Amino acid sequence: MPRVVVIEGEDAAPEAVRPTVALLDRLGVDLEWVRPPIEDHDATRRAIDGSATTLFGATSGPSSWALFYLRWGRSTYANVRPTRWLPGFRSPLARPQGIDLVIVRENLEDLYVGVEGDLEALRPAGLGSPTLRRPVADVGPGRFALKVITERGAERVVRFAFELARRRRGSDRRAKVTCATKHNMLPQSDGLFRSIATDVASGYPDVAFETFIVDDFARRLVADPHALDVVVMPNLYGDILSDAAAGLVGGLGLAPSGCYGDGYAYFESVHGTAPDIAGRNVINPTATILSAAMMLDYLGFAEAARRLETAVTRVYAAGEHLTVDQGGTASTTTFCEAVAGQL
């Protein structure tokens with residue numbers, strides 16, 4: 001029986017996590033739920049290390065350290081963020097039908113290594129700027145942030161994206177990977193990411209490959225999202241543009257995600273804790289439910305995952321019990337009851 005750690009998070013996030021856990025229980029999947037005391041860091045780390053996976057809500061404070069451990073402590077380097085339109089989703093587009101793409105975001109590197117400081121600290125290194133034509137330390141006073149792209153980090157996330165594209169391929173879909181970087185302005189860092197992506201692509205002749213400058217990709221994401229399959233990007237671009245992708249189909253309340261490493265994965269909705277609606281029982285739990293479906297797939301319960309996804313699809317298609325963000329009046333509880341009725 002797989003052991004699953006549940007970390008509900010803060011503000012409105014627990015209001016989405018608790019009914020999601022109840023839905024998984026109704027599916028009859030044998031899971032052992034573990035709820036460690038989040039204030040006890042050692043106990044929580046031990047629980048995570050002894051588990052098969054973690055279902056995480058969203059954090060605005062007390063749980064953030066656990067999220068950092070799940071990410072950097074467990075080396076979950078591939079953040080997978082699907083964007084798929086379903087009938088009933090409140091998309092702002094005239095023709096959202098057929099949007100079905102996945103953004104794979106490198107999850108550990110780039111500017112997220114968290115190295116920042118005063119520009120003066122760079123003076124001993126003697127770093128000069130080719131654009132400013134003077135030492136970087138002389139540009140200040142000001143601050144800097146360090147962008148890190150490693151060969152290993154880029155190679156493993158790109159390979160993950162290609163393997164995912166192969167698994168997604170169907171009779172009506174040719175597998176394709178799109179790489180987006182700012183290699184024209186950052187030839188050493190983003191250029192490395194793009195070069196490695198191109199090298200990896202040569203080992204997947206059955207998967208189409210294309211690469212764009214990230215600002216051009218942003219335009220393509222809005223203008224023709226139907227043309228995209230699997231997209232792989234460095235951390236910052238993937239973080240920003242996956243939120244934009246969610247907006248194409250109806251918002252962050254519909255956006256699930258999973259963070260995968262070589263030996264562990266955890267699952268969380270893309271949205272934040274929504275403190276403005278905490279305690280009101282109106283948060284849209286769809287992202288959390290679909291994240292849980294991704295978790296079931298990861299654990300090997302594919303049939304249960306499809307049942308859960310189908311139940312959500314039917315509720316949206318019926319359109320009778322949708323939350324406020326999707327144009328309805330249903331509470332979180334009412335929506336989850338409707339999903340339970342379709343299991």
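In this predicted model, the side chain of Thr-286 makes a polar contact with the side chain of Asn-284, at 2.6 Å. Thr-286 belongs to helix H8, which covers residues 286-299. With a relative accessibility of 0%, Thr-286 counts as buried, because the cut-off for burial is under 20%. Beyond the neighbours within four places in sequence, the contacts of Thr-286 are Gly-253, Leu-254, Val-312, Tyr-316 and Phe-335.

The setting of helix H8 is best followed from the sheet. Here 10 strands form an open sheet, with the order S2-S1-S3-S14-S13-S4-S5-S12-S10-S11 and mixed pairing. Its edges are strand S2 (32-34) and strand S11, each of which pairs on one side only. On average, and with direction ignored, neighbouring strands of this sheet are turned by 25 degrees against each other. Within the sheet, strand S3 (residues 53-58) and strand S14 (residues 265-268) run parallel and are joined by three bridges. Phe-56 has Glu-268 in S14 as its bridge partner.

Two helices can now be placed on this sheet. Helix H8, the helix of Thr-286, packs on the sheet and touches strand S1 (3-9), S2, S3, strand S4 (78-84), strand S13 (258-260) and S14. The direction of H8 makes about 160 degrees with that of S14. Helix H6 also packs on the sheet, touching S5, S10, S11 and S12. For H6, the direction makes about 110 degrees with that of S11.

A closer look at helix H6 (residues 214-223) shows which residues take part in this packing. Val-214, Phe-217 and Leu-221 are the buried residues of H6. Viewed down the axis of H6, these buried residues fall within an arc of 45 degrees, so they line one face of the helix. This fits the general geometry: an α-helix has 3.6 residues a turn, so residues three or four places apart point the same way. The buried residues of H6 pack against strand S5 (100-106), strand S10 (176-181), strand S11 (208-213), strand S12 (230-233) and helix H7 (235-249). Val-222 and Ala-223, on the other side of H6, are exposed.

Helix H4 (residues 151-168) completes the picture. H4 has 18 residues and reaches 26 Å from its first C-alpha to its last, close to the 26 Å expected at 1.5 Å a residue. Many residues of H4 can be listed as buried, namely Gly-153, Ala-154, Arg-156, Val-157, Val-158, Phe-160, Ala-161, Phe-162, Leu-164, Ala-165 and Arg-168.

Note on methods
Residues numbered from 1 in each chain as written. Predicted model: local features only at pLDDT ≥ 70, side-chain atom pairs only at ≥ 80, totals over all residues. Heavy atoms only, no water. Helix = DSSP H or I, 4+ residues; strand = E, 2+ residues; numbered from the N terminus. Buried < 20%, exposed > 50% of the residue type's maximum accessible area, 1.4 Å probe, protein only. Polar contact = N/O pair within 3.5 Å; in protein donor to acceptor, adjacent residues only side chain to side chain. Contact = heavy atoms within 4.5 Å. Expected span 1.5 Å × (residues − 1). Arc of directions from axis to C-beta. Pairing = 2+ DSSP bridges. Axes fitted to C-alpha atoms, helices over the stretch in contact; angles between N-to-C directions.
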